[in-house]
Amino acid sequence: KATVSVLYCGKKKKKQDQKIMSGPCGHEHRELGGHSHGHSHSHGNGCDHHDADRESECVAAGDSLIGQIDLARVRGMNVSEPDNIREVFKTWERRRDPNGFIESDADEELLIYIPFTEVVKIKAVSIVGGEEEDESSAPAKAKLFVNRDDIDFEKAQDLCAAQEIDLQQGPLADLEYPVKPSKFSSVRDLTIVIPNNFGADVTRVSCIHLRGANMKISTDRVVMHAVYETQGQLNDHEIRGVLDGDTKAGV
């Protein structure tokens, strides 16, 4: 079973030079249990199956958000080979492909900033990492921040993540972790912060897969224009004459 921890508001430590977001703090834990089917299903998309694994694969492939990721603007922090970061975004079918991965540099922390070309609704996140020879390099926890393009490691400790997920260990632990719908219904960008692994010196991530829906709304920010009157027009203003009581045009 995989345990998903939802963090409404929490922080490990308070830094003196940071503003702390206030709010009610608490965790919500949800147990995800597997199931199997004794009968076949057909979804009209070529997916006929007899077990939950194939059903999950069909659903995940159909709702993949890989096409909405703005790969040119993806960036990371504490990544040993930054040019490889775009290679971890894989289709669900390639989630176990060990080729194309990133590793942390100075320590076990990783940060991946993921902007989208359009506003999306995220339903589930899958993060695969580690090696078959060394599963301890797999990420142990992920903090998800929504619509914050200014997150760094310090802010990730101080601010409230939209959700925290306790990840399963090993490169084959390719589970989907559902996210809270109210927090991920209108996402322009997503920041994934991985604070630790299972004991290795560096953290390895070989696949990030996001499942959801495209909301068909551009992420371009709307620029509001205001028209101001720079010079008053005499005919637009009337004042009462002081001496004769007549209405005269003036300013």
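## Strand pairing around S11

Two strands are said to pair if DSSP finds at least two bridges between them. With that in mind, let's start at strand S11 of this predicted model, where Val 193 is the bridge partner of Lys 143. Lys 143 belongs to the stretch covered by strand S8, residues 141-146. S8 and S11 pair in the antiparallel sense, and four bridges connect them.

S11 has another partner to look at. Strand S7, residues 110-129, runs antiparallel to S11 and is joined to it by seven bridges. Here Leu 111 stands opposite Val 193. So when you find Val 193 in the viewer, look for Leu 111 across from it and for Lys 143 as a bridge partner. S11 itself covers residues 187-194 and is mostly covered, with seven of its eight residues buried.

## The chain as a whole

Stepping back, the protein chain holds two helices and 14 strands. It has 251 residues, and 42% of them count as buried. Sequence-distant contacts feature strongly: taking the contacts with a separation of 6 or more, 74% come from residues 24 or more positions apart.

## Nonpolar cores

Which residues touch the most other members of the largest nonpolar core? They are Ile 114, Ile 122 and Leu 190, in a core of 32 residues. The elements giving two or more residues to this core are S7, S8, S11 and S12. S7 gives the most, with eight residues.

Ile 114 is a handy place to begin exploring. Leaving aside neighbours within four places in sequence, Ile 114 is in contact with Ile 69, Phe 89, Asp 189, Leu 190, Ile 192, Ile 208 and Leu 210. A second, separate core has eight residues, including Phe 153, Leu 159, Ala 161 and Val 193.

Leu 159, one of the residues in that second core, sits in the loop between H2 and strand S9 (163-166). The cut-off for buried is under 20% relative accessible area, so Leu 159 counts as buried at 7%. Along the chain, Leu 159 and Phe 145 are 14 residues apart, and their C-alpha atoms are separated by 9.2 Å.

## Thr 117 and its surroundings

Thr 117 is placed in strand S7. Is Thr 117 buried or partly exposed? Its relative accessible area is 38%, which means that Thr 117 is partly exposed.

Thr 117 also links up with residues from elsewhere in the sequence. Thr 117 and Ser 218 are 101 residues apart in sequence, but 6.8 Å apart in space, C-alpha to C-alpha. Leaving aside neighbours within four places in sequence, the contacts of Thr 117 are Gly 67, Gln 68, Ile 69, Asp 70 and Thr 219. Ile 69 is also in contact with Ile 114.

## Charges, rings and a buried arginine

Two arginines are worth a look for their positions over aromatic rings. The charged end of Arg 75 sits over the ring of Tyr 113, 4.0 Å from its centre. The charged end of Arg 204 sits over the ring of Phe 101, 3.6 Å from its centre. As for rings pairing with one another, the structure holds zero aromatic pairs.

Another arginine, Arg 95, is found in the loop between strand S5 (75-77) and strand S6 (102-103). Arg 95 counts as buried because its relative accessibility is 11%. Its side chain reaches the backbone oxygen of Trp 92 at 2.7 Å.

## Positive phi angles

Where does Asn 147 lie? Asn 147 is in the loop between S8 and helix H2 (153-158). Its phi is near 55 degrees, a positive value in a residue other than glycine. With a relative accessible area of 23%, Asn 147 is partly exposed.

Lys 216 has a positive phi too, near 60 degrees, and is likewise a residue other than glycine. Lys 216 is found in strand S12, residues 204-218. Lys 216 is exposed, with a relative accessible area of 65%.

Conventions
Residues are numbered from 1 along each chain as its sequence is written. This is a predicted model: local features need pLDDT of at least 70, side-chain atom pairs count only at pLDDT 80 or more; totals for chains, interfaces and linings use all residues. Side-chain values use heavy atoms; hydrogens and water are left out. Buried means under 20% relative accessible area, exposed over 50%, partly exposed in between (1.4 Å probe, protein chains only). A polar contact is a pair of N or O atoms within 3.5 Å; within protein, one must be able to donate a hydrogen and the other to accept it, and residues adjacent in sequence count only if both atoms are side-chain atoms. Rings of Phe, Tyr and Trp (its six-membered ring) pair if their centres lie within 6.5 Å; planes under 30 degrees apart count as stacked, over 60 as edge-to-face and the rest as tilted. A charge sits over a ring if NZ of Lys or CZ of Arg is within 6 Å of the ring centre and within 35 degrees of the ring normal. A nonpolar core is a set of buried Ala, Val, Leu, Ile, Met, Phe, Trp, Tyr and Cys residues joined through side-chain atoms within 4.5 Å. Contact means heavy atoms within 4.5 Å.
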